[in-house]
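Got your viewer open and a selection box ready? Let's take a walk through this one, stop by stop.

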Amino acid sequence: MANREALKELQTRLAARLQAARGEGVSVSSWLAVESAGRYFLLPLGQSGEIFPWGGVQPVPYTQPWFLGVANLRGALTGVVDLAGLLGAAQMRTEQALAESSLLAFNGALDVNAALLVDRLSGLRGMEAFVASEPPKADAPPYFGTTYLDAQGTRWQELNLHALSQHPAFLSISA
């Protein structure tokens with residue numbers, strides 16, 4: 001129950017920050033920052049949807065290991081994808097770790113009925129949060145965008161959720 005309250009508090013803070021930035025004429029943050037399997041990702045706000053606490057999933061047989069199953073999110077059955085597993089960093093999660101995880105639904109405008117399991121929400125980020133950037137490597141997946149470096153030396157990988165949702169690996173949930 002405390003995790004749900006903490007998630008609700010985070011969502012309230014994020015919404016208040018966005019509203020304050022709009023009211024002050026400050027550039028609005030471009031990304032939702034998340035962590036998954038020790039990696040740091042930036043998800044475009046325009047492609048990100050609602051955030052939900054982990055509530056469990058109903059497994060679906062004969063699917064990829066990274067497809068965790070379906071969850072009832074606001075009355076709709078939604079496919080749940082383990083972001084770390086999809087990107088090749090499969091990890092075993094304890095019940096405690098799952099309880100601290102979140103589901104990030106794709107924005108409805110993308111017309112994708114899916115949510116990503118992420119280990120931790122890290123707030124909003126804008127360009128001002130970074131000191132350097134580099135383009136995607138030549139062998140990077142097509143849904144990888146720019147990599148950004150923050151002042152603490154942390155590398156943040158931008159993920160294009162629309163490109164991810166259209167990628168053949170994402171669309172092939174059957175094993």
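## The lay of the land

Start with a cartoon of the whole chain: you'll find 5 helices and 11 strands. Keep in mind that you're looking at a predicted model. Switch on a surface and the accessible area comes to about 9,500 Å², with 53% of that belonging to carbon and sulfur atoms. Of the 175 residues in the chain, 42% are buried. If you draw up a contact map, residues 24 or more positions apart account for 58% of the contacts with a separation of 6 or more.

## Stop one: the sheet of 6 strands

Colour β8, β1, β2, β11, β10 and β9, in that order, and you have an open sheet of 6 strands with mixed pairing. At the edges sit β8 (120-125) and β9, each of which pairs on one side only. Going across, neighbouring strands are turned by 30° against each other on average, direction ignored.

Now select residues 31-36 and 39-44. These are β1 and β2, running antiparallel and joined by 6 bridges. Show Trp31 as sticks and look across: Pro44 in β2 stands opposite. At the turn of this hairpin there are 2 residues between the strands, and Ala37 takes a positive phi near 55°.

Step from β2 to residues 155-159, which make up β11. Here the pairing is parallel, over 3 bridges. To find the register, select Leu42, whose bridge partner in β11 is Glu158.

Carry on to the far edge, where β9 and β10 pair antiparallel over 4 bridges. Phe130 stands opposite Asp150 in β10.

## Stop two: the aromatic rings

Show Phe, Tyr and Trp side chains. How many aromatic pairs does a search of the whole structure find? It finds 6. Zoom in on Phe130 and Tyr148, a tilted pair with 5.2 Å centre to centre and 40° between the planes. This pair links distant parts of the chain: Phe130 is in β9 (residues 130-134), Tyr148 in β10 (residues 144-150), and 18 residues separate them. Are these two buried or exposed? Both Phe130 and Tyr148 are buried.

For another geometry, select Tyr143 and Phe144. They form an edge-to-face pair, 5.7 Å centre to centre with 75° between the planes. Tyr143 has a relative accessible area of 7%, so it counts as buried. Phe144 is at 15% relative accessibility, and that also counts as buried, because the cut-off is under 20%.

Before leaving the rings, select Trp31 again along with Phe130 and Tyr148: they form one aromatic cluster.

## Stop three: Ser48

Select Ser48, which is found in strand β3. With 9% relative accessibility, Ser48 counts as buried. Put a distance on its side chain: a polar atom there lies 2.8 Å from the backbone oxygen of Pro44. Pro44 is the residue you met opposite Trp31, and the C-alpha atoms of Ser48 and Trp31 are separated by 8.7 Å, with the two 17 residues apart along the chain.

Which residues does Ser48 touch, not counting those up to four places away in sequence? Select Leu43, Leu104, Ala105, Phe106, Asn107 and Leu161 to see them.

## Stop four: the sheet of 5 strands

Ser48 sits in β3, so-called edge territory: β3 (48-53) and β4 (67-73) are the edge strands of another stop on the tour, each pairing on one side only. Colour the open sheet in the order β3-β6-β7-β5-β4; its 5 strands have mixed pairing. Neighbouring strands are turned by 35° against each other on average, direction ignored.

Select residues 102-106 for β6, which pairs with β3 in the antiparallel sense over 4 bridges. One bridge to pick out joins Pro53 to its partner in β6, Ser102.

## Last stop: Thr78

Finish in β5 (residues 76-82), where Thr78 lies. Thr78 has a relative accessible area of 5%, so it is buried. Show its side chain together with that of Asn113, and you'll see a polar contact at 3.4 Å. Leaving out residues up to four places away in sequence, Thr78 touches Gly69, Val70, Ala71 and Leu73, and also Asn113, Ala114 and Ala115.

Notes: Residues numbered from 1 in each chain as written. Predicted model: local features only at pLDDT ≥ 70, side-chain atom pairs only at ≥ 80, totals over all residues. Heavy atoms only, no water. Pairing = 2+ DSSP bridges. Axes fitted to C-alpha atoms, helices over the stretch in contact; angles between N-to-C directions. Buried < 20%, exposed > 50% of the residue type's maximum accessible area, 1.4 Å probe, protein only. Polar contact = N/O pair within 3.5 Å; in protein donor to acceptor, adjacent residues only side chain to side chain. Contact = heavy atoms within 4.5 Å. Areas by Shrake-Rupley, 256 points an atom, 1.4 Å probe, with all protein chains shown as cover. Phe/Tyr/Trp six-rings, centres within 6.5 Å; stacked < 30°, edge-to-face > 60°.
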